[in-house]
Amino acid sequence: MTGGPTTLLQGTLDLLILRSLLGGELHGLGVSRRIEQMTHGTFFVKPGSLFPALHRMEQEGWISALWGDSENNRRAKYYRLTKAGRKQLTAETERWVRISWAIAQALETP
Amino acid sequence: MPFFVKGRSFLRNFFMSRRVEADLDKEVHSHLEMLAEENVRAGMPRNEARRVAQIELGGVAQVKEQVREQRIGHWLQSAISDCRFAFRRLRKSPGFTVVAVLTMALGIGINTAMFCVIENIVLRPLPYHNPASVVMLWSSVPKKDIQRNWTSYPDIQDWRSESRAFTQVAAVFRVDTATIVSRTGEVEHIKAEHVSSELFSILGVAPQLGRSWSASEEDKRTPVAVISHAFWQTQFGDSPDVIGKLIEVDKQPVVIVGVMPAGFNFPAADTMIWLPVTLIPQWQAYLTARQADAFAAVAQLKPNVTPKQAQDEMRGISSRLKDRYPQFEAGKSVNVVPLAIEFVGPNVRASLWMLFASVLFVLVIACTNVAGLILSRHRSHEKEYAIRLALGAGRARLMGQHLVENLLLSLFAALPGFGLAAALIPVVRSYGPADIRGLSDIRLDPVVLLFCALLSVFTGFICGFIPAWFNVRRDPHGAMKANSRTMAGSLAQRRLGGFLIVLQLALAMVLITGAGSMARSFLRLHNVDLGYQPQGLLFLHLDVPARRGSEPVELYREALARIHSLPAVKNAGAIDALFSGYVPDDVVEVAGRPHLPTAEDSDAASSHVASDGYFETAGIPLLQGRSFGATDGPHSQPVAIINRSMAETFWPGQNPVGKQFRYGVPGEPPSAWQTVIGIVGNTLPNGRESRAFSQFFLPQSQVPSAASMDVIVREERGTVPLADSIRATILSLDPNIPRFNVTTVETKLEELGNRRALETWLLGLFSAISLLLAAIGVYGLISYSVTERTSEIAIRMALGAARFDILKLVLGQVLVLAGIGLFLGLGGALVLSHIASRFLFGVASTDGPTLALTTFLLLAVALVSGAIPARRAMKVEPVTILSSV
């Protein structure tokens with residue numbers, strides 16, 4: 001993918017957020033930067049999409065939130081995967097692999 | 001456990017919203033700070049770092065709103081906050097709120113009341129087991145357009161044995177009253193139904209106490225009776241040992257075997273007692289005579305048999321009977337009427353639906369008014385909406401807020417609306433026409449309440465939707481940039497205002513035209529000549545029980561003489577039935593002509609018994625010959641007075657005076673020969689809408705058996721009320737005369753034409769309301785338009801327009817809109833005219849004068865309503881307006 005950051009595909013945001021939290025708890029900006037890093041700058045999550053998604057996932061019970069201190073001693077809200085979140089991540093990953101494989105197959109058809 | 005987690009989040013969002021909000025605020029701000037720090041670390045100056053961070057975040061408020069929309073229970077919270085907001089806004093403009101609520105309440109109230117009537121009378125099934133399967137069987141004479149005639153008991157037995165469409169057939173007898181001796185020893189008339197045993201099982205209602213009688217019991221010769229719940233209460237004080245008690249009915253002892261439950265109302269709510277017709281001795285002769293037409297039948301259709309199929313079968317049976325008994329059955333057929341239609345006929349149904357349609361019109365006009373109010377109110381809030389749109393409020397959310405506000409308004413209106421309906425129902429109950437069955441028992445029930453609620457929501461939705469839709473479609477840039485000089489109102493909004501005026505006037509036009517034609521036909525009807533003078537004529541129905549040693553005729557003669565001698569009485573007379581309610585059923589044989597016609601022939605006449613002074617008292621002119629006199633005694637030659645119609649039918653081109661005729665029912669020996677002594681003018685025996693038919697009158701002195709008479713008394717003009725002295729006079733002669741009422745003939749006539757009067761008054765009332773609403777509506781919308789165009793008007797004046805031109809401008813607009821509205825209304829009235837014509841008497845539904853008058857009236861109302869704002873427009877001072885910007 002050349003050029004600037006691409007808008008997120010529908011349904012991929014949840015997967016990316018869950019995946020970003022696999023390495024440990026992060027605050028909102030951390031999640032955002034981690035996704036950028038993981039996707040080598042392809043995806044850039046705007047706060048207007050990030051926060052609603054985080055709150056929705058918290059309500060679903062996939063992640064839990066806790067206030068803590070940031071690296072610069074600033075109060076920040078940290079998110080962490082729950083057990084349900086890990087299960088969700090596995091399910092979403094499987095789904096995504098299946099879809100991407102299917103799409104790839106489709107595109108390779110002569 | 002996702003459900004548990006979601007539930008907890010919902011409760012948290014809902015009950016700890018302040019903490020949730022604070023949390024969100026802190027989170028977004030800390031995010032912003034961290035972004036800024038990142039930028040500082042990247043080497044930006046502090047201020048620039050903050051600015052770039054803000055841009056990346058995209059606005060704290062917007063982000064927070066987006067998060068809120070994701071919350072579980074968000075819709076509930078936003079609905080609640082919308083309600084609070086709407087409530088505050090309505091409270092801030094009490095004038096608007098009160099007017100809108102009252103207008104809607106008026107519409108909702110009369111619609112709910114009207115629906116209550118329809119629901120109770122038309123929609124609710126009859127309180128019987130399977131009411132749809134019950135039909136009434138009447139004899140009919142198609143050639144004479146007689147749909148409901150009585151027939152003989154043998155006929156009904158044949159119907160029963162030959163038909164396959166019915167599971168059971170019960171006979172009901174024509175006589176529907178009985179005299180009883182009450183607990184206090186008084187002789188009373190009550191409604192009594194003489195029926196056969198199948199009736200109770202056809203209707204599927206069992207007595208609450210005791211039993212009904214069985215068919216096998218009808219062979220025994222012990223009269224039994226089932227009494228109504230009301231009769232049980234008044235006469236026996238709810239005592240359970242009423243079963244087996246004896247009661248005197250029509251002078252003979254009857255054993256009470258059952259008490260029907262409350263609410264059993266066949267055929268009427270005031271029917272007090274049901275008697276087996278086969279067991280009443282004085283009517284035994286009726287059970288075998290095929291010429292005695294005194295019965296109808298109630299039957300239960302077999303499952304899957306339609307009334308139509310039953311009708312076809314009965315027609316066949318009737319024609320077979322015709323072959324078997326030509327002398328009795330010629331010309332007759334059978335009419336199968338579903339019980340619901342029998343009780344509430346097509347005319348009453350049509351009349352109720354017509355009134356319901358007209359109150360819906362009123363509701364639409366009321367809605368239009370409120371829509372107009374909302375439109376001009378929104379106009380003044382235009383900038384506010386534009387700002388909110390620009391700040392990122394969703395259009396859907398703004399629309400939602402409008403709707404919430406209007407729904408709130410309509411819910412406020414539902415309460416007084418329902419109150420209005422509740423207040424109207426007792427009025428309908430006591431003043432409604434007596435010929436609508438069950439009208440005196442209507443009540444508000446849950447269905448009506450539900451209707452009221454739904455109607456309110458619907459009203460609020462309609463009132464608010466159109467203006468709301470127009471408003472949120474506006475372009476925020478335009479409204480923001482606009483100031484009072486350029487804000488001339490969007491074309492769409494002006495069109496909407498015009499559309500509302502047109503709609504209101506068109507609907508009002510249709511309604512008022514209808515009411516106008518109705519009023520004209522009512523007036524025309526009132527001027528119909530009855531053939532007698534009903535003004536100042538008192539009326540009482542007397543029933544003198546036969547007693548050994550004294551004939552009723554003696555008592556009547558004495559009573560009439562004493563009443564005549566009362567001060568202030570001009571005249572008094574009596575006839576057996578002033579309002580006969582019958583069709584002519586006596587066949588007449590003219591002396592010298594051998595043929596005694598059958599029921600099929602049209603030359604039947606109706607026999608009456610009259611006292612000496614009857615014609616003079618009623619004001620019926622004697623056209624020829626003489627009236628009854630003292631010489632016409634029981635032993636002198638039998639005489640008769642005939643009416644003009646009879647003279648023309650039976651002695652065309654001859655002088656009937658001195659001629660002889662005799663009469664009778666087919667199959668029975670005819671009467672003695674009667675000599676015609678006089679001819680009187682025709683009268684309309686069943687009220688102003690009936691037709692005159694052949695009648696002859698026999699002197700009371702020669703027909704001594706007539707026990708029940710209608711007494712009429714002509715009073716002197718403007719005298720003291722006579723009713724009490726008449727009553728006292730009669731009771732002084734015989735205290736045992738059953739209770740009677742003294743009313744006036746005009747009251748009786750009103751009862752006959754009561755439904756028409758009600759239709760006319762109600763339509764008139766609805767029209768007046770619609771006219772008032774339309775006037776207010778036109779005033780409001782034109783005022784709004786003038787306010788909109790104030791700066792335009794000022795510019796026109798500054799450019800040299802005269803004040804008169806401004807008046808022309810505004811009134812021209814009114815005229816154009818009114819013209820379109822009235823044109824459409826006229827079209828609507830013409831389209832609906834074939835429906836209207838069935839309610840009219842002697843007036844075309846497209847009655848020219850009514851249409852012209854209505855057009856003129858509405859045009860005048862529109863111009864006057866428009867003239868007030870037009871005057872204001874004329875007074876616009878261009879300098880003030882143009883410099884105030």
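**Exercise 1. The cores of chain B**

Which residues touch the most other members of the largest nonpolar core? Work this out for the predicted model, and then describe the surroundings of M104(B).

*Solution.* Begin with the core itself, which holds 90 residues, and in which M104(B), V362(B), A366(B), V370(B), L505(B), A508(B) and M509(B) touch the most other members. Next, ask which element supplies this core: helix α18 of chain B, residues 491–526, gives the most to it, namely 15 residues. Then take M104(B) and set aside its neighbours within four places in sequence; the contacts that remain are with A366(B), V370(B), L409(B), S410(B), A413(B) and T459(B). Finally, note that another core lies apart from the largest one, that it has 64 residues, and that Y153(B), I202(B), V249(B) and W274(B) are among them.

**Exercise 2. The overall form of chain B**

Describe chain B through its domains, its secondary structure and its dimensions.

*Solution.* First, list the domains: the assignment gives domain 1 (2–72), domain 2 (152–331), domain 3 (347–526 + 754–883) and domain 4 (546–735). Between the centres of domain 1 of chain B and domain 3 of chain B, taken over C-alpha atoms, there are 49 Å. Second, count the elements, which are 29 helices and 23 strands. Third, turn to the dimensions: the C-alpha trace of chain B spans about 135 × 80 × 55 Å along its principal axes, and its radius of gyration is 38 Å, whereas a compact globule of 885 residues would have one near 29 Å. Fourth, consider the interior, where 38% of the 885 residues of chain B count as buried. Last, among the contacts in chain B with a separation of 6 or more, 83% join residues that are 24 or more positions apart.

**Exercise 3. A hairpin in chain B**

Explain how strands β1 and β2 of chain B are arranged.

*Solution.* Start with the pairing: β1(B), residues 134–141, and β2(B), residues 146–149, run antiparallel and are joined by two bridges. Then find a facing pair, which is given by V141(B) opposite I146(B) in β2(B). Now look at the connection, where four residues lie between the strands of this hairpin, and where D145(B) in the turn has a positive phi of about 60°.

**Exercise 4. The sheet of chain A and residue K87(A)**

In what order do the three strands of the open sheet in chain A lie, and why does K87(A) count as exposed?

*Solution.* The order is β1-β3-β2, with antiparallel pairing. Because β1 (26–27) and β2 (63–69) of chain A each have a single partner strand, they stand at the edges, and one side of each has no neighbour in the sheet. Between β2(A) and β3(A) there are seven bridges in the antiparallel sense, and D69(A) stands opposite R75(A) in β3(A). For the second part, locate K87(A) in helix α4 of chain A, residues 83–108. K87(A) counts as exposed because it has 12 C-beta neighbours inside 10 Å, and the cut-off for an exposed residue is 12 or fewer. K87(A) also lies 8.5 Å from W62(A), C-alpha to C-alpha, although 25 residues separate the two in sequence.

**Exercise 5. Where the chains meet**

How many residues does each chain bring to the contact?

*Solution.* Chain A brings 18 residues and chain B brings 22 residues. On the side of chain A that touches chain B, the elements giving two or more residues are α2 (28–38), α3 (47–60) and β3 (75–81) of chain A. The largest share of that side, eight residues, comes from α3(A). Sorted by kind, the residues of this side of chain A are five nonpolar, seven polar and six charged.

Conventions:
Residues numbered from 1 in each chain as written. Chains lettered and ligands numbered in written order. Predicted model: local features only at pLDDT ≥ 70, side-chain atom pairs only at ≥ 80, totals over all residues. Contact = placed C-beta atoms within 7 Å. Nonpolar A, V, L, I, M, F, W, Y, C, P; charged D, E, K, R; others polar. Domains from an automatic or database assignment. Rg over C-alpha atoms; globule rule 2.2 N^0.38 Å. Buried ≥ 20, exposed ≤ 12 C-beta atoms within 10 Å, placed from the backbone. Core = buried A, V, L, I, M, F, W, Y, C linked by C-beta atoms within 7 Å. Pairing = 2+ DSSP bridges.
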